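Hi,

Here is the structure I promised to pass on. Have a look at it first, and then read my notes below.

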Amino acid sequence: MEKIPPQERWVAVEQYIANHVTPPDPVLEAAREANASAGLPSIDVTATEGKFLHLLARLAGARRILEIGTLGGYSTIWLARALPADGRLITLEIEPKHAEVARANLEKAGVAHLAEIRVGRALDLLGELDRQGTEPFDFVFIDADKSNGPSYLAWALSHARPGGVIVVDNVVRDGYIVDDGNTDPDILGTRRVFEMLSTEPRLSATALQTVGSKGYDGFAFAVVTEENGRR
Ligand code: SAH
Ligand code: DHB
Ligand code: MG
């Protein structure tokens, strides 16, 4: 086989997969373009990852989805499309400008009636959801500041229904998570997430490494066991 640098091959294979399983989608492409025009960082999930989140939410039979970290709503659109007509998605974003771009993208995607964007620090907004007595979520996608990952995971665990699914993005980070000496708060946050996955009896978890246009990273997945006291 011809020698091709690994990263080039990973991107080519991602494109190959995308060509087969994610048909051209003007709505999603327009959202990405709107994000770029507005100067948002291009750190949204890829098309194949978005489709994967969408399929997971469908497999979970999700009717209520929580997303932490909206950016321009690219992943939000994929997740909202997994909901039934009376489903609901709440997505949390700290940057008003990101939320504004996302709002327009969700509108154009025809999912604005399913998805509510709340603006503020996710920890504050989760506290507010608590005070409002929010109903349990079936699916939680954690994709905001990695240093607060442990708090987001703890909240997700106590507000997911038994059998609910929790997905955490960016848990590999070029492999830095295995560097014991690394003191980057994002890496420390992610390592703490893995400790929680390892010790929390109410979660059954795994993580998968990914390569492609976003480099070398990974997702963690957890299912809340049926023994969860919350019903
Ligand atoms: N899920 C998106 C990408 C999210 S990028 C997608 O795949 O399309 C991470 C987002 O989290 C950024 O928009 C960032 O502004 C937001 N964020 C960072 N810290 C946050 C915090 N403390 N509370 C809420 N949102 C936060
Ligand atoms: C970054 C954040 C993400 O959520 C992501 O998927 C990729 C990169 C970042 O902050 O660099
Ligand atoms: Mg991410």
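Asn-170 has a polar side-chain atom that lies 2.7 Å from an oxygen atom of ligand 2. Please keep in mind that this is a predicted model. Two further side chains make similar approaches: an N or O atom of Lys-146 is 3.2 Å from an oxygen atom of ligand 2, and for Asp-169 the distance to a ligand 2 oxygen is 3.2 Å as well. On its own, ligand 2 would expose 300 Å², and the protein buries 67% of that.

Where does ligand 2 sit? You will find ligand 2 in the largest pocket. The residues surrounding ligand 2 are Ile-43, Asp-143, Lys-146, Asp-169, Asn-170, Arg-173 and Lys-214. Sorted by class, this shell has five charged residues, one polar and one nonpolar.

Now to the metal. Which residues supply the protein donors of the magnesium ion, ligand 3? They are Asp-143 and Asp-169, each through OD, and Asn-170 through OD1, at 2.0 to 2.2 Å from the ion. Along the chain, the donors of this magnesium ion follow the spacing D-x25-D-N. Asp-143 belongs to the loop between β4 (137-142) and α7 (149-159), while Asp-169 is in strand β5 (residues 160-169), so the pair ties together parts that are 26 residues apart in sequence.

If you want one place to begin, try Asn-170: its side chain has a polar atom 2.7 Å from a ligand 2 oxygen, and its OD1 is one of the donors of the magnesium ion.

Enjoy exploring, and best wishes!

Notes:
Residues are numbered from 1 along each chain as its sequence is written. Chains are lettered from A and ligands numbered from 1 in the order in which they are written. This is a predicted model: local features need pLDDT of at least 70, side-chain atom pairs count only at pLDDT 80 or more; totals for chains, interfaces and linings use all residues. Side-chain values use heavy atoms; hydrogens and water are left out. A residue is near a molecule or strand if one of its heavy atoms lies within 4 Å of it. A polar contact is a pair of N or O atoms within 3.5 Å; within protein, one must be able to donate a hydrogen and the other to accept it, and residues adjacent in sequence count only if both atoms are side-chain atoms. Accessible areas come from the Shrake-Rupley method with a 1.4 Å probe; for residues, only the protein chains shown count as cover. On a 1 Å grid over the protein atoms alone, a cavity is a set of points where a 1.4 Å probe fits but cannot get out, and a pocket is an open set with protein on both sides within 12 Å along at least five of seven lines; lining residues have an atom within 4 Å of a point. A molecule sits in a cavity or pocket if more than half of its atoms lie within 2 Å of its grid points. Ala, Val, Leu, Ile, Met, Phe, Trp, Tyr, Cys and Pro count as nonpolar, Asp, Glu, Lys and Arg as charged, and the others, Gly among them, as polar. Donors are N, O and S atoms within 2.8 Å of the metal (3.2 Å for Na, K and Ca); water is not among the atoms, so sites may look incomplete. Helices (H or I, at least four residues) and strands (E, at least two) are DSSP runs, numbered from the N terminus.
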